[in-house]
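Student: Could you take me closely through the sheet of this model, and then through what packs on it and what ties its surroundings together? I would like the cut-offs stated as you go.

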Amino acid sequence: MLIGYARVSTPSQNLDRQIGALRSVGCDTIFREKASGKAVKNRPQLERAIDALGTGDVLIVAEWDRATRSMMDGINIMQRIAERGAAIKVLDKPHLDLTTPIGRGFLAFLSALAEDERGRIVQRAADGRLVARERGVRFGPKPKLSGHQRKKALDRLAAGESCREIARDMGVSASTISRLQRPVGEGEPV
């Protein structure tokens, strides 16, 4: 089955040209929407079109920029369609005809680029955290008590006061005070 998708950004725009192109290639069903393409979450008819795809079906899009606004979004759309056993054909971008071996190779290439970029992002983040740790940056939630408050609370605990009483005086929970008794390095910062 051939399923079409057409989108314009505003209600005043016309879908006729895209619908004409989709009908000319024999689309059985055409999903249409008038919504901004800026947000990738604001395309319910595209979602319905992808959900309607079955094995061997083809989603036909008249213009690629009507379906997506970024490379990653486009790759995600193509992968979702491929996972359904379907293909995509974009009328204004012949290289995005995933019904052909060259088109599928193009998808594989784009997927490899996306995977490589994701790997580089993960590595840069890990490198940044390592450099920050070397500079003494602590990750995780900020301590609820200063070093001075922790020392005072430990002194009061050693003198036999209850966690609840110390916590009330310091404006924190009793569990925060009880965690002070753990050996250093166990659990979250206090």
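**The sheet and its surroundings**

Tutor: Four strands make up an open sheet, in which the order is β2-β1-β3-β4 and the pairing is parallel; strands here are DSSP runs of E with at least two residues, helices are runs of H or I with at least four residues, both numbered from the N terminus, and two strands pair if DSSP finds at least two bridges between them. The edges are β2 and β4, each of which pairs on one side only. From one strand to the next the twist averages 20 degrees, where axes are lines fitted to C-alpha atoms, for helices over the stretch in contact, and angles between N-to-C directions run from 0 to 180 degrees. This is a predicted model, in which local features need pLDDT of at least 70 and side-chain atom pairs count only at pLDDT 80 or more, while totals for chains, interfaces and linings use all residues. Residues are numbered from 1 along each chain as its sequence is written, and side-chain values use heavy atoms, with hydrogens and water left out.

Between β1 and β2, which run parallel, there are six bridges, and one pairing can be named: isoleucine 3 has threonine 29 in β2 as its bridge partner. Helix α2 packs on the sheet, where it touches β1, β2 and β3 (contact meaning heavy atoms within 4.5 Å), and its direction makes about 160 degrees with that of β2.

The largest nonpolar core has 32 residues, of which Leu59, Met78, Ile81 and Ile88 touch the most other members; such a core is a set of buried Ala, Val, Leu, Ile, Met, Phe, Trp, Tyr and Cys residues joined through side-chain atoms within 4.5 Å, with buried meaning under 20% relative accessible area, exposed over 50% and partly exposed in between, for a 1.4 Å probe and protein chains only. Among the elements that give two or more residues to this core are β1 (2-8), β2 (29-34), β3 (58-61) and β4 (87-90), as well as α2 (44-52).

As for charged pairs, glutamate 63 forms a salt bridge with arginine 17, their closest N and O atoms being 2.1 Å apart, the criterion being a side-chain nitrogen of Lys or Arg within 4 Å of a carboxyl oxygen of Asp or Glu. Because glutamate 63 lies in the loop between β3 and α3 and arginine 17 in helix α1, the pair ties together parts that are 46 residues apart in sequence. Glutamate 63 counts as buried at 16% relative accessibility, whereas arginine 17 is exposed at 58%.
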